[in-house]
Amino acid sequence: MMISISNILLLALAAANGCSAFLHSSINTASAVRRDIPLLHSSTQAIEPSSQPRSGIAQELLNLALKSPLWTYVMVPQARASIVKTAESNGIQWMNAKSWLNEQLSTKDYSDVVYPEYYKQSFHAYQDGNLSYDAAVEQELASRAVGARNFPKYGERGEDVFRDSFDKALAGIGARICDNTNEQGKKVIVDFGCGTGTSTRRMASQYPEVDQLIGIDLSPYFVDVGNTLLKLAPNAIENGSGWITSITPDERIELRQGDMANTLLPSNSASVVNLSLVVHELPTSVAKQVVSEAYRILQPGGQLWISEMDFESTAYKAQRENALLFSLLRATEPYLDDYADGCKELREFIVDTFDSTKITAATGRHYALVAEKGLENNGDDVDRVKCLEDYRFREDGSYAVEDTHLKPWESKDD
């Protein structure tokens, strides 16, 4: 087994879809414990405080190295070459698909669009972060490639297996489309941080009873690519088209550029708000604003769905305690420390905001969360204690789903 920094870096190239590591598993049995807000975890699992970011001279030297030209001009291109090779060897025609999509795009100038300061960062080894066509075109390609790397048994279907694990976990804790419609007589799903619309399209196929699906993303480049794919509705390459997957046209889907912390959507208008692998890319303060906005636009009985990395899982806690490894990951995810430190704070905020909240393990490193907005009432239950039902840990304190992810330094052939 050879340690390869390229294997670590290629995880970052799919991070726009949150595909840093994957697992295919159904939910194992775990005990749920109902707790008041201050006690949010099972008494059988003594969750220790998150390991703190490394400090000191050694860490400072490492941080400087990651800001050096060596990182930008040597390691990042090496990582890209590695992930393209992974894709092609698994039947994902990266180069052909990228060339095909670039030929279809009519690129636009978005220099006048105003973004929040936190968003103007380098993300996922792209110097311009999410504010470029290059990052947008490669989002779905990278997601498929990393899925194949982590699920060699499933090849190019690895990403589907990963996303299936979240679907099963959400369903297991009561995810549903509420029966009521909004004032316009519609059932609406709003997909926060939709990127090019992978998760939006997936939910459209899963919920035919929904009248409208609105995907919102800050990057106009990602939204443009997503709308282009919806318009072209290509078959997969193996079926004679130019894209890596088949895309079904669906008039219910609308992808729009906007701020998920301030959507401008009507209050009480959405049946579901979905946040799929987005929160780790936000400062905790912004994540709270996003949760508040989700609550505002959800109709009574509506649900917030979150799929995310779990830094209270054994695997991610161990990864964060490795100074070199976590520094490499942080170099492509500017808010990863803030996210890891703020997980409990954000969870408490969600519990305090919503009427009921459930969380469970989706993979050995990820959780799924469902928070429900209560039905309107006459104030007769204002003193009701809000709580969290936590299914992530077994009675012996172990994580409810086994971690079978490849280690960052492993290759699928090890």
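Is Tyr118 buried or exposed? At 13% relative accessibility, Tyr118 counts as buried, and the legends below begin with the aromatic residues around it in what is a predicted model.

**Close-up A. Tyr118 and Tyr119 pair edge-to-face within an aromatic cluster.** The structure holds 14 aromatic pairs. In one of them, the ring centres of Tyr118 and Tyr119 lie 6.1 Å apart with the planes at 75°, so the pair is edge-to-face, the angle being over the 60 degrees that this class requires. Tyr119, with a relative accessible area of 7%, is buried, and Tyr118, at 13%, is buried as well. Both tyrosines belong to one aromatic cluster, in which they are joined by Tyr115, Phe123 and Tyr335.

**Close-up B. Tyr295 meets the ring of Phe354 and the charged end of Lys373.** The ring centres of Tyr295 and Phe354 are 5.1 Å apart and the planes stand at 85°, so this pair is edge-to-face. Tyr295 is part of helix 9, whereas Phe354 lies in the loop between helix 12 (336-353) and strand 7 (356-361), so the pair ties together parts that are 59 residues apart in sequence. Phe354 is buried, with a relative accessible area of 0%, while Tyr295, at 26% relative accessibility, counts as partly exposed. The ring of Tyr295 also has the charged end of Lys373 sitting over it, 4.6 Å from the ring centre.

**Close-up C. Arg365 lies over the face of Tyr316.** In this view, the distance to be read is the one from Arg365 to the centre of the Tyr316 ring, which comes to 5.7 Å.

**Close-up D. Arg202 forms salt bridges with Asp164 and with Asp167.** Side chains of opposite charge can pair when their charged atoms come close. The side chains of Asp164 and Arg202 meet in a salt bridge with an N to O distance of 2.4 Å; Asp164 is in helix 6 (residues 158-172) and Arg202 in helix 7, and the pair links distant parts of the chain, 38 residues apart. The side chain of Arg202 also meets that of Asp167 in a salt bridge, here with an N to O distance of 2.7 Å. Because Arg202 lies in helix 7 and Asp167 in helix 6, this pair ties together parts that are 35 residues apart in sequence. Asp164, at 24% relative accessibility, counts as partly exposed, and Asp167 is partly exposed with a relative accessible area of 24%.

**Close-up E. Glu312 and Arg392 form a salt bridge between buried residues.** The two side chains meet with an N to O distance of 2.8 Å. Glu312 belongs to the loop between strand 6 (298-309) and helix 10 (314-320), Arg392 belongs to the segment after strand 9 (387-390), and the pair links these distant parts of the chain, 80 residues apart. Both Glu312 and Arg392 are buried.

**Close-up F. Five charged residues are linked in a network of salt bridges.** The members of the network are Arg144, Glu156, Glu159, Asp160 and Arg163. For the structure as a whole, the count comes to 23 salt bridges.

**Close-up G. Thr196 is a buried loop residue with a polar contact to Gln139.** Thr196 is found in the loop between strand 2 (188-192) and helix 7 (198-206), and at 1% relative accessibility it counts as buried. A polar contact of 2.8 Å joins its side chain to that of Gln139. When residues up to four places away in sequence are not counted, Thr196 touches Ala136, Gln139, Glu140, Arg201, Phe222, Val225, Gly226 and Leu255.

**Close-up H. Ala233 and Leu277 have a positive phi, although neither is a glycine.** Most residues other than glycine have a negative phi. Ala233, with a phi of about 45°, is found in the loop between helix 8 (220-232) and strand 4 (253-257), where it is partly exposed with a relative accessible area of 23%. Leu277 has a phi of about 55° and is placed in the loop between strand 5 (270-276) and helix 9 (284-297). With a relative accessible area of 1%, Leu277 is buried.

Note on methods: Residues are numbered from 1 along each chain as its sequence is written. This is a predicted model: local features need pLDDT of at least 70, side-chain atom pairs count only at pLDDT 80 or more; totals for chains, interfaces and linings use all residues. Side-chain values use heavy atoms; hydrogens and water are left out. Helices (H or I, at least four residues) and strands (E, at least two) are DSSP runs, numbered from the N terminus. Buried means under 20% relative accessible area, exposed over 50%, partly exposed in between (1.4 Å probe, protein chains only). A polar contact is a pair of N or O atoms within 3.5 Å; within protein, one must be able to donate a hydrogen and the other to accept it, and residues adjacent in sequence count only if both atoms are side-chain atoms. Contact means heavy atoms within 4.5 Å. A salt bridge is a side-chain nitrogen of Lys or Arg within 4 Å of a carboxyl oxygen of Asp or Glu. Rings of Phe, Tyr and Trp (its six-membered ring) pair if their centres lie within 6.5 Å; planes under 30 degrees apart count as stacked, over 60 as edge-to-face and the rest as tilted. A charge sits over a ring if NZ of Lys or CZ of Arg is within 6 Å of the ring centre and within 35 degrees of the ring normal.
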